[in-house]
Amino acid sequence: MPELVFFRRGEEVLRVGVDRARLVLGRGEQSDVAIPDPEVSRQQVALLWDGVECRVQDLSGKGTTVSGTSITEAALPDGADLALGQWRAVFRLSGGGEGADVATEVGHTTSIQARDAQSLRWLPAQVRVKQGPNETVHRLTGDSFTAGKDAGCDLVLQDRFASSKHLKVTRRDGTFHVVDLRSTNGTWLGPVRVFEAEVSLPTTLRVGETELVLEAAAAGNRKEPTSFHGIIGSDNAVKGLSDLIERVAPSTAAVTILGESGTGKELVARAIHQCSQRANRPLIPVNCAAISKELIESELFGHEKGSFTGAANARKGAFEEADGGTLFLDEIGELPLDLQAKLLRALESGEIKRVGASRPMHVDVRVVAATNLDLLAAAREGKFREDLYYRLCVIPLHLPPLRSRKGDLPALADHFVKQYSPRGQTVKLSTSAMDRLQNHTWPGNIRELRNVVHRALLLRKGPVIDANDLTFDQEMNKETGIAVPELPPGMTLEQMLEKLERQIVEAALRRYNNNRERVARELGVARSTLFKRLKDWGLTKQDEQE
C-alpha cells in the first residue's frame, strides 16, 4: 500500500497509508490528515489513488509545491515530496516494507534504513514456544539464541523430532537471521523447509511438533484492543454492531448505516463487504455530497462519448465498476431528488442506463448507504423520497458516538498512535494526555480523535505525547485554523500580539523566499508598514536601514 511519510526538520514524525481513492491533507477538521500549520489551507491538497497511479490535486487555489515546483494537478511519482508549511510529506508507492528508502532532504535521497534498523535491533522481542496445548514465552535479551534438545541450548525443546542443536536465530539489523544447524528433520517456514533465511516479526517456525513464534514482546499484561475488521472496541454497542454485521453481511439486502459524522461509517461498510460472499469483488465508495449535481449522474451511471460537453470518451459509472460487488453510497441524504428516482429504479430492476445511452444494462450490485441525517424526517418533509427510504433501510445499522463509548477511547487512541507513528519508533501517550482525551466531549467522534493524534505526532518533541501536544478542533480558530494560545504569565496582550505578528511575518518571509512585495501583498499590509516592522525587529540589512 502506498504511504506518505512526514518529516519535520529532517526527522520522521508521522506515516499515513494512502488507503482510499481520495486522501485530503489540510489543517481543517474535515481533512483526512490534519496539519497544524497556518501556512496550510483548510483543505490544501488531495491525493487521488486509482490502485495504479497517484495524482495530486491542489485544493487551496494557491498551488501546492511538489518536488520544488508549484502545481495545481499532476501525477505524483514515487519519492516525490510535498511542502506543507514547516512539514514535508514524501510519497512512497510501496509503503509498509521495513527499511524503505525515503528522501530526508530536498534534492538528496538518503536512506533511513540504517536508522530504522538500529531502532528495530533493540525493540523488545520474544519467542513463543507452542507444543500441543502447552505454551511458554521467552523474552529475547541478547543478539542470538540456539534451540534444540541439548541442555546447552538457550531454548531447550522437549520434542522427539528436534535435533540436539537444531537451529540458531540471530537478530541482524531489524530482521532475524535463521540458520538450520544441519538438523535431521529440518526447520520449516510454512510448507517450505529452510536452511538459512531472513525473517521479520512476526514469523512462525516449525521444528518437529513445536512451533516457535518470533514476535514483538508484549507490553506488560496489557491486552490488545478487540478488533473486528478494523472496528476497534469492547463496548456492548460495538459488540452488538459486530454481531449484526456478521448476520446481515451474507444476504443481498440493502443496508443503511446511520450515525453522526466521524463515527466510521465507511469502515462498517467495508466490514459488511468483507464478511459477504462478494468479498473477492470490488467495493466502490461514492460520496454523494462531494460531487457536483451536474456530475453525480455520470459518476453513478457512467456516460457515452459525446453525451455532454467534455465527454470526450465513454466512461463507466460506479454501478458498473461495482458489478458483482458492493456499492457504498456515503451521504445518501445529499442525493438530488431527480437522481433519487433513478437510483430507486436501479435498485428495484437491477438495470442502469449511462448518460446518453439508448439502452439499459443489467448489473448485480449490493448497495450499502450511509448518512448522518434523519432520512425518515427528511422523507416526511419532502426532501427525500419515502419509497427510496424504505428500499434502502431494509437493515438499518446505528453507530454509537464516541462520547457514549469512552471506555474504548484508550484502545482507539493507542491504535492511531501505533498506526501513524514512524516505523521503528515507539511513541506513547502520557497519563496526562490520556486524561485530557477522556475529558473531551468529542463532537467530531473518531475522525476528530484521528486528527488529534495526527497533530500530536507532528507537534511532539520526543517519544511521549504529552497533554500540551494535544489540540482539539474546537480550539482551532474558525478563520485561521491556528490553535489559540494561552497568555503566558507576566506577558501583556500587546506583547503577545506583537510576538504572534512577528511569527506570522517570519513564516511568510520563509514561504515566499524573502520577497517583501509578495509578503506584503499576501498579508494585506502596505510595503512601508512591513518594512517598518522588519526594521523594528532588526530583520533588515545594514544598507536597507541606511
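Here are a few questions and answers about this predicted model.

Local features need pLDDT of at least 70 and side-chain atom pairs count only at pLDDT 80 or more, while totals for chains, interfaces and linings use all residues. Residues are numbered from 1 along each chain as its sequence is written, and side-chain values use heavy atoms, leaving out hydrogens and water.

User: Is Ser-163 buried or exposed?
Analyst: Let's place Ser-163 first: the loop between strands S15 (155–156) and S16 (167–172) holds it. Strands here are DSSP runs of E, at least two residues, numbered from the N terminus. Buried means under 20% relative accessible area and exposed over 50%, with partly exposed in between (1.4 Å probe, protein chains only). Ser-163 has 13% relative accessibility, so it counts as buried.

User: Which residue in S22 stands opposite Thr-203?
Analyst: Thr-203 is on the covered face of strand S21 (residues 203–207), along with Leu-205 and Val-207. S21 runs antiparallel to S22 (residues 210–216), with five bridges joining them; strands pair if DSSP finds at least two bridges between them. Opposite Thr-203 in S22 you'll find Leu-214.

User: Which domains does the largest nonpolar core lie between?
Analyst: A nonpolar core is a set of buried Ala, Val, Leu, Ile, Met, Phe, Trp, Tyr and Cys residues joined through side-chain atoms within 4.5 Å. The largest one has 50 residues, and Phe-6, Leu-47 and Leu-437 touch the most other members. Domain bounds come from an automatic or database domain assignment. Since both give residues to this core, it lies between domain 1 (3–92) and domain 4 (403–475).

Definitions and conventions
Helices (H or I, at least four residues) and strands (E, at least two) are DSSP runs, numbered from the N terminus.
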